[in-house]
Structures are given as C-alpha cells and as structure tokens.
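The following exercises are to be worked with the sequence and the coordinates at hand. Each task is followed by a solution in steps.

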Amino acid sequence: MSTAPIIQARDLQKHYDLGAETVRALRGVDLEIHRNEYVAIMGPSGSGKSTFMNLIGCLDTPTGGEYVLNGQKVAGMKEDDLARVRNREIGFVFQTFNLLPRSTALENVELPLVYGGFAKKERRARAVQALEHVGLGDRMDHRPSQLSGGQRQRVAIARALVTRPSIILADEPTGNLDSVTSEEIMALFADLHAQGQTIIMVTHEPDIAAHAERVVTLKDGVIASDRRQTPVAPEPHRQRVQEPVGVGA
Amino acid sequence: MGIREAVRIALAMIRANKMRAFFTVLGTVVGVTFLIAVITLLKGMDAYMKEEFAGRIVGHNTVLLRRVPELGEDPQTEDQWREWMRRPLFTQNEAEWLAANVTTPGLLSYSYDQSARVGNGRGKELSGVNIIGANENFFRVREMDIQAGRPFSRQEAQRGVPVIILGVEVADALFPGLNPVGQTVRVAGLPYRVIGLLEKQGAIFGFTMDRMAIAPAKSPVNGGVWEQAGKVEDISFQVPRGELVPQAESEITGLARTLRRLRPREENNFSVETAEGSLGFWEKINGFLMMALPMLVGVSLIVGAVVIMNLMLVSVSERTREIGIRKSLGARRVDILTQFMIEAGTLSGFGGLLGIALGIGLAQLVSAVSPLPARVSGGAIGLAMFLGIGVGLVAGVYPAWRASRLDPIVALRSE
C-alpha cells in the first residue's frame, strides 16, 4: 500500500510567546505516517511530544510549517474546521479516559456521532457495535463510576473507533492502569492494528512502546530517532506482581 | 447537536443539582408568580367591573336611556350640573312609545325606584327598602330570577295591580321562616299582595341588592311613594346579541331626540349608556395598571437574570473539562453555545412553570379572601412562559459564549 501518507508534517514548529521570552516547543519536525502504521512517539518531558500530539490531534495549530492529515491542509484552519476534522479523522484515547461521568457507556460512545450529525438510530447501532467490538456489550448502560479502569479505557477506545477515524491518537493510554490491564489494552490495540487501523501512541514507557512497529523519539523539539522494530506480542495472561498504580481518574 | 439532545442534557443537569437549580431560578419564579397573580387579578377585576358592576347596573347587551348618566362621569361644571337638573324625566307613555317604535330586535323595560318603609301588617317593619316600579320586562332585562312564586304579568303591569315581588332580605325580615308568597305587605301604608320571591342577588362593592321589592310601575306606589307620578328614571333596551348594541344605541338616541323634539344641531338633553361605554374611567385605570405592574415585575426578572448568569458562569467553570472532552470529540463553538443557552433556557423555563403555578395559586388565595375575582388568562400564561424562557436565554448568552471560547487543550487539562 504505497499511497499518499495519512500524516505528513513538514518543518512543523510551535512557539509559545511568554512575554519576555519565546519557548520553542517544536523546532521543525518532519514526519510521514502511512495508513495502518502503529507508531509510538516517545521522549522525556519537555521534549515537545505533548505539543506534537496536540498538533497531530488538531487541538492546536502550528506556528510554522505544514501539516496535512488525510489530504487536508490543517495548518491554517479555523477552530470550527478543526472541530470537524477532529470529529471525522481522529479518535482520541486519553490517559485519564475523559468519559462524561453522568452519561452511560453507550451515551459516551454515541457522543462523537452526535456532533457528526448522525441520526439517532444510526448512532445507537454504531455505538452498540463499537462497544461489542471492545468486549463491553454487556456494560452499555453502566456509568463510568460503575466500571473498572480497564473497562473505562475500553469505553474510551470504543468512542474513538465509532466514527471510523483515519487515526487513533492515544496519549499515555495505559498511564492510569495496572500492568495486567495495560497488557489487555495493548492486546486490543494489536487487534485493531491487525484489522487495518492506524494507531499513534504517545508514551514514555519503553514497555508500552515495544508494542508498536515504529518508534519516533523526540528530544528538545526535534526528532532524535525514528526506527522500525518487531513489535512485542502482548501477553494478556502473564502474571505479574500487581503494582497498585493509581486506578481511575 | 439537536435541540432535543441539548434539552435532555439540561434536564439531567437540573436533576443532578435540584437545590441549586431551584435557587438559581428563584428570581424568575418570583417575577413570574407576581406577573401571573397581577394579570390574573386585573383581568378578574376587569371582568368584575364589566359583567358584575356595569352589567348588573346597566345590564348585559343593554342600552340605558336616562335623564343623566348612571355610571359615566360626574358633571364637570356647576353650569352643567344645573343643566342636568333641569332636564325632564322620561314618562311611562314615552317609554311605551319607544317600545312600540324601535325596530332593532330587543326587549324594553322601564323603572323608577324610591326608598320606602315596608311592613308586614302585624307590626314588623323594615325601612330603607328600595321600591322599584317597573314594567313586566324588567325581570328579564335585569336578569333577576324568581325563586318562588312568579313575576307580575303584562296585564297586571298595564292595570297597575298591587302585587309585589320581594328581595330575600325583605322577606327574611318580615316573614322569618315563612313562605312570603301569598302574604300581604304594606308599602308606605299601601297594601300589596306578595306574588314572588327573588333569588339572592348578593352585593356590589358591599351594597346589598337584596333589600328591594319590585311592583308594577302603574300600581299605587306611582304617586304614593314615587312622587313623580307617570314618570320613570331608567329605560333599558336589551338586544339579544352584543353586535346589536351599537345599532340599538343609535336608534334609541334617534327616537329619544324625536320625543324631545331636538333640532339637528341641538345637543342631547338625556343620556344613553352601555355597560362597555360607561366604564371609561375603569378602562383608564386598568390600562395604566396593565402597563405599570408588569414593569415592576420586570425588575424582579432582571434580578433573576443576573442570578442565573452568575450560576451559569459557575457551572461553566465547573464543567470546563466536560467542555474540553466535547470539543476534542468534534463539538463546534456553536454546539457548546447552544448547549449552555438551552440549559439556561430550560432552567428558567422550569422557573416560569413554577411561577405560573404559584401565581395562579396566589391569585386564587387573594380572590378567596377578598371580593376580587381571579381570572386566569391564556395570554398571561403565554407571556409568563415567554418571559421565563427569555430571561434564561438572555442570562445564558454570556456564560455560553465563554464556554464556547474555551481552548480545548486548556479545558482538557483542567480538573
């Protein structure tokens, strides 16, 4: 599949004007990501990886350079156009899940389709399908507080999948989960990838990055390394000493 | 995002924060409550003035012909007052000529009244009884029903037979516990046979309408009690439908001018009134109150709007993260704006509903403890609902605009 890249960043820059000094968070990043790639973006804090993720996710616009997402020039877009692109092209998965606490799993998954202007019947059908896809067909009427951390992240993944986006953009998706649950989520990502989904995952954990087939490392606002690797197969049944990492947001 | 979706979210938020929602809309509730109560009472008052007061004194769909006005304005100058007092009364013959010559369909009654003492012939007496001398149509034109016995007939009226119909207060005073029909009373010493008993008439502005007795105009009270023998004070012409009132008014005026032999340029030396037309003074007061009182209500609605705006701002800052999530999922500014506007509108709409219920309750309470009747109008409820929702929308604009302007990255990071 040697078509046009789904993500094309050229000399991407982001400066923050803080009065006296200008912080150059991104100093010119060139990157191409093709359909069905599974990319981990790594880097220490302050490396610019959050800024990069915000630009890729169309939550922010670059100060300089070009960004083309699925054939659309995002760099100069206005806020409402960005909202439309986010709605159609990107499925976010956050570290803290970011589900609406008062809505059921089903309602949470339906939400992107509400903003996409889908009719109620189709919304419902697609949301049910997405929840079944992540193995939560029996938890649709539960609120986030009635679900475990892993289940919440599955709801968030279902919500990301429901619009059939160009890319899944995951920001530290296992940061709030214990290691067993993390492996489960990684197994789910591997499945999605196997089905053709493009996945971009921001993480600082090498264990997690090991599941991707390509690792891009940022440092001081530029790409320090970009290497391909053989992904580690997830081991959902591996027993470890469970460290109680803060579960739940 | 559809409006129904936004309303559903708004209802969920109200359910989740019932107490806060209630205090948020308290100003709106108070404003709408008083709006409804005031309009309901004014409408009731208006109906009371037109139907009870003017209607019972002038009569429904009735043209009242008199020497001087019954309800209209008082004379403005002494000269005018003297002119009024020089005017002749109409006579019973003139009234009958009018009845014979009027072409508009209707019923003509004439009457005079004079206060007199009435006794039962066995020592019991009641003074200050309003003795009305009338023709046989009087009962129908004035809508006075007879609860026992009968009214007098046309023959009895023509021949001046001494028969009388008593008001309940007179009957109770003279014949306590007895059936007055068939008894004899003495009106200023003149013997009359009681043939009927009126239904209880009640009071108008505290004046009893039951201390009265009605006899044929040509019976012995004509001259015996009423000193202007052969004359009448009131000539009433009742038409079957309201649309005929203007026609009847002009025809009666024309016939009366003929009777008075007035030349075309001469002014009327009599008065023609209708229930609606005679209430000019009330129309003025009512018009002013209907303007002024809702403006006072408006002040409390403004206070209500300020409170709603503040609480919506609090709500927006509490839900910053939710706004960030929605934006990351593709909500446009207009989606967020609409959501918060509808939330404010729904909230204050609830306040409006509550206010309408309380306002109707308050009006019913006032009418229960005072003679003022309450008349709930659909217009007032519509206005209240419009204002209630409007207050929320106006108050919601700024907080909703703030919410819609939030940066999704900052909003997502907030706790």
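**Exercise 1. Helix 5 of chain A**

Determine how many residues of helix 5 of chain A are buried, and compare the span of the helix with the expected value.

Solution. The model is a predicted one. A residue is taken as buried if 20 or more other C-beta atoms lie within 10 Å of its own. By this criterion 13 of the 13 residues of helix 5 of chain A are buried, so the helix is largely enclosed by the rest of the structure. For the span, 13 residues at 1.5 Å a residue should give 18 Å. The end C-alpha atoms of helix 5 of chain A are 18 Å apart, which agrees.

**Exercise 2. A loop residue before helix 5**

Locate A:D138 and decide whether this residue is buried or exposed.

Solution. A:D138 is found in the loop between helix 4 (120-133) and helix 5 (149-161) of chain A. The cut-off for an exposed residue is 12 or fewer other C-beta atoms within 10 Å. A:D138 has 9 such atoms and is therefore exposed. As a distance check, the C-alpha atoms of A:D138 and A:V128 are separated by 10.0 Å, with the two residues 10 apart along the chain.

**Exercise 3. Strand pairing in chain A**

Give the strand order of the open four-stranded sheet of chain A, and identify the strands at its edges.

Solution. The order is 2-1-4-5, and the pairing is antiparallel. Strand 2 (21-33) and strand 5 (72-73) of chain A each have a single partner strand, so one side of each is left without a neighbour in the sheet; these two strands stand at the edges. Within the sheet, strand 1 (residues 7-18) and strand 4 (residues 64-69) of chain A are joined by five bridges. One position in this pairing sets A:A9 opposite A:Y67 of strand 4 of chain A.

**Exercise 4. A hairpin in the open**

Describe the pairing of strand 9 with strand 10 in chain A, and establish how many residues of strand 10 are buried.

Solution. Strand 9 (residues 214-219) of chain A runs antiparallel to strand 10 of chain A, and six bridges join them. The bridge partner of A:V216 in strand 10 of chain A is A:D226. Two residues lie between the strands of this hairpin, in which A:D220 takes a positive phi near 50 degrees. Of the seven residues of strand 10 (residues 222-228) of chain A, zero are buried, so the strand lies largely in the open.

**Exercise 5. Confidence in chain A**

State the average pLDDT of chain A and find a stretch where the value is below 50.

Solution. Chain A averages a pLDDT of 90, and 93% of its residues score at least 70. Over residues 238-249 of chain A, however, the pLDDT is below 50. This stretch has 21 contacts in the model beyond near neighbours in sequence. Where pLDDT is low, the predicted coordinates should not be read in detail.

**Exercise 6. The contact between the chains**

Find how many residues each chain contributes to the contact, and which element of chain A gives the most.

Solution. Chain A supplies 18 residues and chain B supplies 17 residues. On the side of chain A that touches chain B, the elements giving two or more residues are helix 2 (79-89) and helix 3 (105-115) of chain A. Helix 2 of chain A gives the most, with six residues. By class, this side of chain A has eight nonpolar, four polar and six charged residues.

**Exercise 7. The two sides of helix 1 of chain B**

Identify the buried residues of helix 1 of chain B and explain why they lie on the same side.

Solution. Helix 1 (residues 3-16) of chain B has 14 residues and reaches 20 Å from its first C-alpha to its last, close to the expected 20 Å. Its buried residues are B:A6, B:I9 and B:A10. They cover an arc of only 100 degrees around the axis, which puts them on the same side of helix 1 of chain B. In an α-helix there are 3.6 residues a turn, so residues three or four places apart point the same way. The cover over the buried residues of helix 1 of chain B includes helix 13 (333-369) of chain B. The face turned away from the buried side carries the exposed residues B:R4 and B:R15.

Technical notes:
Residues are numbered from 1 along each chain as its sequence is written. Chains are lettered from A and ligands numbered from 1 in the order in which they are written. This is a predicted model: local features need pLDDT of at least 70, side-chain atom pairs count only at pLDDT 80 or more; totals for chains, interfaces and linings use all residues. pLDDT is the predictor's confidence in each residue, from 0 to 100. Two residues are in contact if their C-beta atoms, placed from the backbone, lie within 7 Å. Two strands pair if DSSP finds at least two bridges between them. Ala, Val, Leu, Ile, Met, Phe, Trp, Tyr, Cys and Pro count as nonpolar, Asp, Glu, Lys and Arg as charged, and the others, Gly among them, as polar. The expected span of a helix is 1.5 Å times one less than its number of residues. The arc is that of the directions from the helix axis to the C-beta atoms.
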